[in-house]
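Biologist: Got a minute to walk me through this one? I'd like to start with the strands and then move on to the helices.

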Amino acid sequence: MKKLKILLIVLFTAGFGACDILDGPAPEQSLTLEEVITNEDGLRNLLSGMFNTYQDSDLGGANFAILPDIMSGDVSWTGSFPSYQQVHQFNQDAGNGEVSQWWSNAYTGINTANLIIESVGAIDDPTFSTEDQNDILGQAYYIRGVLYFELTRMFGKRWGATADNSHPGVPVRTAPVKSEPDFEDLPRGTVADGYTRAIADFGEAANLLTSSVATSNDGFATGAAANGYLMRIAMAQQRFDDAAVIAEQILGESYSLEGNIANVYSESSAEVIARVVQSIQDNNGVNGSLSTFYASTSLGGRGDAQASPAYLAALDEIITDSQQTNLDALGHTAVDDRATVLLSGNATLKYPDGLNTADDTIVLRVAEVMLSRAEALAEDTGLNIESLNLLNEIRTRSIDVVDANGVPQDETVIEYTLADFATAEELIDAILLERRIELGFEGDRFHTLVRRGMDITSASGISSTAEGDRIVFPIPQSEIDANTAISEADQNPGY
C-alpha cells in the first residue's frame, strides 16, 4: 500500500499548503479528512490545494508548455538538465523525472478534484449558497478536465490513430481515494475514454462557471476557459464545425484582442482567457519556471530554451514575396513586433522575469481562439472572408508598415486578400504559419502538428510522424511497478 500512502500524503500536503492563487480561509492543519469534506472552508482549502498542484512546474506552471515546445522543432534546448534534453531528443525513458512527475502530480490533482466533486453536494449547511457550490464544483471539473486532457494527449497517440480511438490512453478515475479501502488499481483506458471524460468535465465547468477578465487574471477557471478547452478538443478531433461555433461563443465574451502585443503578457491583459498565476512569493522557483528556462542570462534566467533556426526562418516567411515586392515598390518596410519586441536574439521576451520567476503562464488567449475559428471555418466551408479577416486582424496587430523615415503607413499592403489563395488549403497554410509565430513559446506548435497529422522534427534533428512512438510519453516505470493492472506489456510502443 505504499502507493496509496504517498498519494494521501501528497493530497493533504497540497490541500493545506500555502497558495496565493485563491483567497480562502487560513489552513487548519489539525482537520481530519472527515472534517475537511463536511464544511465549505475545508472544501476551499482543498480547492486551494488542487490549484497549487496544477500550478506546479511539472504541470500547468511550466511543463505543459515547455515539454511540447522543445519537441516541436521551434525551440532549441541548450540546458544541462538531462531529463529535458532527453525529451528534446525524443529519447526519454520510463524513468524520466519530468514525465514521471507529470503523471503522478496529475493524478494527485485528479484525486483532489474527485474528492471535491463528491463532497460538495453532501454538505448540509444552509449558508453554503448555490452560487458558491457551483463555483467550487466548476473549478474542480475544470482542473480535472485539464489534467485528463493533458495526460491523454501526451501519454496516448493522437486522436484518429485508430478508427474508433480504442488505442491506449490513461486510467480514468472519477471516485476519490480517501482511505485504503477506496484504492483500486486501474488499467489504462482508451484515448476515447480520456477525451470523453475531459469533454464531460469541461461541459460541466462551462455550465457552472461565469466568465470575466478579472476572474481569468486572478487565475481562477471561467466558463470561457472551459469552452476554450472544448474548442481545442474539437480541433483535435477535426470537428471543425463545432470548433468554429465554440470559438464564436468565446469571442462574444468580455475578452478582447490587445492592441499592442506586448500588453498581452501583463497581469491585467484583457486578451488572456486562462493563465497560471505566479508571484514572487508563490512561483516555481529558479529551476522550474518558464522564466528560468526562456529568459536570457542577462535577465536573470538560464536561457536554456531558445528560438530555433526553424522558428526564425518561419518568422521571415510572414511577409510573402508578393507583399515584399509591393513594400519595396513603395519604399516601405514591414516591422513585426513579434520579432522586435518579443525576441532578443534567439531568446523570447514573453517570460522576462528571470530574477523573480514571477511571470504568469498564459494558457489560453483570444488570438488562439481567433486563429482556431479561422482554421475551422476554412476547413468547414473553404475560402471565406471571415477566416481572411481574422487572419489579417492578427497580422496587423503585430506588423507595422513604415516609410524610410519610420512614419507609419497604410497596413493594407501586408494584408491578405482572397485572390492570394487558389485553394482553401493555401489559406489554411497561411493561418497555420501565423499561428506558429503568434503562439510561439506557448506550447501550441507541437499539438498543432500532431492534431493535423504533420511530421515533427525536433530542433535536435530527430524526426517523427504524428503517430510516431517516441513523441508519446512512456507510462512511468513507477506506475508499472506499483499498479497491478498495468504491466510491462501495457507500456507504450518503443519503450
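Modeller: Sure. Strand β2 (residues 272-276) is joined to strand β7 (residues 361-365) by 4 bridges, and the two run antiparallel. Keep in mind that this is a predicted model.

Biologist: Which residue in β7 is the bridge partner of V276?

Modeller: T361 is the partner of V276.

Biologist: And is β2 buried or exposed?

Modeller: Buried: 5 of the 5 residues of β2 count that way, so the strand is largely enclosed by the rest of the structure.

Biologist: OK, helices now. How do people usually describe a packed pair?

Modeller: Two packed helices are described by the angle between their axes and the distance between those axes.

Biologist: Then what's the angle for α10 and α11?

Modeller: Roughly 160 degrees, with the axes of α10 (residues 223-236) and α11 (residues 240-251) coming within 8 Å. Angles over 145 degrees count as roughly antiparallel, so that is what α10 is relative to α11. The crossing of α10 and α11 is left-handed.

Biologist: Which residues meet there?

Modeller: From α10, you have A224, N227, G228, L230, M231, A234 and M235. They meet F240, D242, A243, I246, A247, Q249 and I250 of α11. By class, the α10 and α11 contact has 10 nonpolar, 3 polar and 1 charged residues.

Biologist: What about α7 and α10, how do they pack?

Modeller: The angle between α7 (residues 130-155) and α10 is about 25 degrees, and their axes are 10 Å apart. That makes α7 roughly parallel to α10. The crossing of α7 and α10 is left-handed.

Biologist: Which side chains should I click on for that contact?

Modeller: On α7, look at Y142, V146, F149 and E150; on α10, pick A225, A226, Y229, R232 and I233. The contact of α7 with α10 has 7 nonpolar, no polar and 2 charged residues.

Biologist: Switching topic: any backbone oddities in the loops?

Modeller: Most residues other than glycine have a negative phi. F90 has a positive one, near 55 degrees, and is not a glycine.

Biologist: Where is F90, and is it buried or exposed?

Modeller: F90 lies in the loop between α5 (82-88) and α6 (97-120). Its relative accessibility is 5%, so F90 counts as buried.

Biologist: Which loop has N165 in it?

Modeller: The loop between α7 and α8 (191-208). N165 has a positive phi of about 55 degrees although it is not a glycine. At 5% relative accessibility, N165 counts as buried.

How values were computed: Residues numbered from 1 in each chain as written. Predicted model: local features only at pLDDT ≥ 70, side-chain atom pairs only at ≥ 80, totals over all residues. Heavy atoms only, no water. Axes fitted to C-alpha atoms, helices over the stretch in contact; angles between N-to-C directions. Parallel < 35°, antiparallel > 145°, perpendicular 65-115°, else oblique. Left-handed = near helix turned anticlockwise from the far one by under 90°. Contact = heavy atoms within 4.5 Å. Nonpolar A, V, L, I, M, F, W, Y, C, P; charged D, E, K, R; others polar. Buried < 20%, exposed > 50% of the residue type's maximum accessible area, 1.4 Å probe, protein only. Pairing = 2+ DSSP bridges.
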